[in-house]
Amino acid sequence: MKIGIMTFWWSKDNYGQLLQCYALQKYLQDMGHDAYLIRYLTDYDNIMKKTPFAPVPYIKKMLKALNPIKLYNYLCYKIKSMAVVRENRINDKRKFEDFRKKYIKQSEKIYYSYDELKRNPPQADVYIVGSDQIWNPDAFLSKEKPMRAYFLDFGSPLTKRISYAPSFCQEKLSDEIINMITPLLQKFSYVSVREKPGINICKSCGIDNVEWVPDPTMLLNADAYRALYRNEVLEKTNKRYCFFYYLNNCCDFSFKTIYDWAKKKNLEIVYVSANLKIDKYKKTYATIPEWIYLLEHAEYVITNSYHCAVFSLLFEKKFGIISLSGELVRLNDRLNSLFEQFQLEKRFLDSNFSVLDKEINWQFISEKFQILRDSCRLADFI
């Protein structure tokens, strides 16, 4: 079968995004299918419609420019913008584009808008949407077109539509979104979600036979990921270290606390950031094979990333999760679902870091991974 996959794929520094994309495609290819990534970018569809403003008289512009508060804010903005440009440039060291070219089969065409998908749809016997936060309305500034794209509202009606482990990242959707996606979901042959609360959302759209399934990164075993670094030239260390992978998300946790804890334990910190996190701490700009190697050989793993938590379980690492806060607190449901799947006591990091040394029954975890892989019914619906 020719299978087109719709998912997030374009990041220059988010390792989980690219590894989930890789994992689902490899899983399908190992089953004998011709699976490829549909390269859809949301940039154009994400533009907010702005109300035009009346022209501002020149004298008012001058007064605003001389306002010390506005001038200070402008300078801060410029400094931050320059830092983002520098970080983006340094991110090339991670060689994500090289990884995509080597390991991910991609559509020749890049679709820059939902309208392009409608006009010239990618050819496939099956479309699969998933995984990652592709069904999270809050991931998009302007919701309708990206949501329609990720609910596969394009292409021939004869093309089978399947979801595999997409995430809503919330427990309830607005009536507006529910009304939009209900007729689209009802065209799917098979609907599955990554987090347990997603089942009730789909049921509110009239879809009753929804399955709660593992993220695609769990469908491959640890050796499949080791194969990515096995033939790479890696900089290795004999030092004991904690692998610290941090997404640029809102968290009420001090970096200094982590470094102070590591110093007491006589550990180095190998710090890898993502999503344009800019700070004063020394970073490692790892390639994806290096990221996997560094995580596997760490003594501890500390992260606020769902996918890093998954890989910590795959590689049987002592790990702790920095919980998200503020407007992103609902994204902790991803971790709660993960802990429930593996019958784990929640491993959110506390002030004394005691969770890092709480024992895990690795035999049970290994068996659970195999049960999840064996119970995957994706092949039955392709």
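Start by selecting strand 9 (268-274) in this predicted model, because with 4 residues strand 9 gives the largest share of the lining of the second largest pocket. Add helix 11 (288-296) to the selection, since strand 9 and helix 11 are the elements that give two or more residues to that lining. The second largest pocket has a volume of about 560 Å³, and of the 20 residues that line it, those lying nearest its centre are E235, V270, K282, T284 and L294. Colouring this lining by class will show 11 nonpolar, 2 polar and 7 charged residues.

From E235, one of the residues nearest the centre of the second largest pocket, go on to K236, which is found in the loop between helix 9 (222-230) and strand 8 (241-247). Is K236 buried or exposed? K236 has a relative accessible area of 59% and counts as exposed because the cut-off for that class is over 50%. Display Y293 as well, and draw a distance from C-alpha to C-alpha: K236 and Y293 are 57 residues apart in sequence, and the distance in space is 9.1 Å.

Now turn to the largest pocket, where about 1,000 Å³ of space lies. Select F8, N14, Q17, Q133 and N275, which are the closest to the centre of this pocket among the 35 residues that line it. Which elements each supply at least two residues of the lining of the largest pocket? They are helix 1 (15-30), strand 8 and helix 12 (306-314), and the lining as a whole comprises 12 nonpolar, 15 polar and 8 charged residues.

Helix 1 also leads to the next stop. Select strand 2 (residues 34-40), which is largely enclosed by the rest of the structure, because 6 of its 7 residues are buried. The chain reaches strand 2 from strand 1 by way of helix 1, in a β-α-β crossover that is right-handed. Strand 1 (residues 2-6) runs parallel to strand 2 and is joined to it by 4 bridges, and within this pairing G4 can be picked out opposite Y36 of strand 2. Adding strand 3 (residues 106-111) brings in another parallel pairing, in which 3 bridges join strand 2 to strand 3; here Y40 stands opposite Y111 of strand 3.

Move next to helix 8 (residues 197-204), and show the side chains of P197, I199, I201 and C202 together with G198, all five of which are buried. What do the buried residues of helix 8 pack against? Their partners are helix 7 (175-185), strand 6 (192-193), strand 7 (211-212) and helix 13 (333-341). Following the chain just beyond helix 8 brings you to G206, whose phi is positive, at about 85°.

Return to P197 and G198 for the last stop, as both are among the residues that line the largest cavity. The structure holds 1 cavity of 30 Å³ or more, and the volume of the largest cavity is about 50 Å³. To see its lining in full, extend the selection to P166, S167, F168, C169, Q170, E195 and D333. By class, this lining has 4 nonpolar, 3 polar and 2 charged residues.

Conventions: Residues are numbered from 1 along each chain as its sequence is written. This is a predicted model: local features need pLDDT of at least 70, side-chain atom pairs count only at pLDDT 80 or more; totals for chains, interfaces and linings use all residues. Side-chain values use heavy atoms; hydrogens and water are left out. On a 1 Å grid over the protein atoms alone, a cavity is a set of points where a 1.4 Å probe fits but cannot get out, and a pocket is an open set with protein on both sides within 12 Å along at least five of seven lines; lining residues have an atom within 4 Å of a point. Grid points are joined across faces, edges and corners, and a volume is the space filled by probe spheres set on the points. Ala, Val, Leu, Ile, Met, Phe, Trp, Tyr, Cys and Pro count as nonpolar, Asp, Glu, Lys and Arg as charged, and the others, Gly among them, as polar. Buried means under 20% relative accessible area, exposed over 50%, partly exposed in between (1.4 Å probe, protein chains only). Two strands pair if DSSP finds at least two bridges between them. A crossover is right-handed if, with the strands pointing away from the viewer, the path from the first strand over the helix to the second runs clockwise. Contact means heavy atoms within 4.5 Å.
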